[in-house]
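Welcome to a short set of exercises. Have a look at what is shown below, then try each task before you read its solution.

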Amino acid sequence: MKPDSSALEVRGLTKRFDRLAVDNLDLTIHAGEFYALVGPNGAGKTTTLRMVAGLLRPDAGHVSIFGIDALQNPVAAKQAMAWVSDEPMIYDKLTPLEYLEFVAGLWGIAPAVSKPVAEELLTSLGLAPHRHERCEGFSKGMRQKVALAGALVHDPRLIILDEPLTGLDAVSARHVKGLLGDRVRAGCTVIMTTHILEVAERMSDRIGVIAAGRLVAEGTLTELRQQNGHADTSLEDLFIALVTLQDAA
Ligand SMILES: Nc1ncnc2c1ncn2[C@@H]1O[C@H](COP(=O)(O)OP(=O)(O)OP(=O)(O)O)[C@@H](O)[C@H]1O
């Protein structure tokens, strides 16, 4: 990890629907970091990431991806990142290999280049035996993994995932965690929302806690514990303490 280079910088990010969903949020994620964003339901995690991914226009604020202004230059910003939604869309009539070839084509990657990448991704996600079957017969977890493979086929440097482990069985979850860990070791940056605090605790370099659209705590697990004055508290206890404090404020 290079602490002096940032993969993502968010400044003053704000979004209001019928009420404020993201409230003047600042966030810096370093290049090469595995960052977990946690927070209660409705805290603004998905809204934040959708704005970062260019799917939702902020009311105010700036988003910079590897120094690229994502609002001024959305295509270049999107080229550097992958977005994996918690409700992924894939094309049912295609096989996983055809889907990955299609997505690679949208990025302008020649089949000769994308095919081995696609094969490798499908193998690492345990989908190799199904690569010639149409996705229409796939379970939710298999579809999630196809969508993840599709998001990674252009070799993004920043991978943003919204609840990537929800609905996955233990074997599939291990495949996804393994793949993300490998990417970080290869120099990619991962930002992931999760309600599975154990995953945040075990996989991430730093954890950000969002409540009511604001970042209420951030740091390594050790730092979060120090900030709260409990040397051996679990992340779950810390989380509940932080969120309860926020509710009372
Ligand atoms: N398209 C929308 N229209 C209106 N309100 C929305 C929309 N999207 C999100 N919201 C509201 O914005 C707030 C933040 O929602 P968001 O989905 O970002 O939270 P979250 O932290 O991802 O929650 P969860 O953990 O439940 O997925 C909530 O009050 C939600 O109802």
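## Exercise 1: The ligand and its surroundings

A backbone N or O atom of A43 sits 3.0 Å from an oxygen atom of the ligand, a polar contact (a pair of N or O atoms within 3.5 Å). Before going on, note that this is a predicted model, in which local features need pLDDT of at least 70 and side-chain atom pairs count only at pLDDT 80 or more, while totals for chains, interfaces and linings use all residues. Residues are numbered from 1 along each chain as its sequence is written, and side-chain values use heavy atoms, with hydrogens and water left out.

**Task.** Describe the side-chain contacts of K45 and H195 with the ligand, then the shell of residues around the ligand.

**Solution.**

Step 1. In the side chain of K45, an N or O atom is 2.7 Å from an oxygen atom of the ligand.

Step 2. For the side chain of H195, the corresponding distance from an N or O atom to a ligand oxygen atom is 2.8 Å. The protein buries 63% of the 640 Å² that the ligand exposes when taken alone (Shrake-Rupley method, 1.4 Å probe).

Step 3. Around the ligand (a heavy atom within 4 Å) we find residues including F17, R19, P40, T46 and T47.

Step 4. Sort the shell by type: four residues are nonpolar, six polar and two charged. Here Gly counts as polar, and Asp, Glu, Lys and Arg count as charged.

Step 5. Helix α1 (residues 45-52) gives the most to this shell, with three residues. Helices are DSSP runs of H or I with at least four residues.

## Exercise 2: Packed helices

**Task.** How are α3 and α4 oriented to each other, and how are α3 and α5?

**Solution.**

Step 1. Two packed helices are described by the angle between their axes and the distance between the axes.

Step 2. Helix α3 (residues 96-106) packs on helix α4 (residues 111-124) at about 135°, with axes 9 Å apart. The two are therefore oblique to each other. Angles under 35 degrees count as roughly parallel, over 145 as roughly antiparallel, 65 to 115 as roughly perpendicular and the rest as oblique.

Step 3. Between α3 and α5, the angle is about 30° and the axes are 9 Å apart. So α3 is roughly parallel to α5.

Key. A polar contact is a pair of N or O atoms within 3.5 Å; within protein, one must be able to donate a hydrogen and the other to accept it, and residues adjacent in sequence count only if both atoms are side-chain atoms. Axes are lines fitted to C-alpha atoms, for helices over the stretch in contact, and angles run from 0 to 180 degrees between N-to-C directions.
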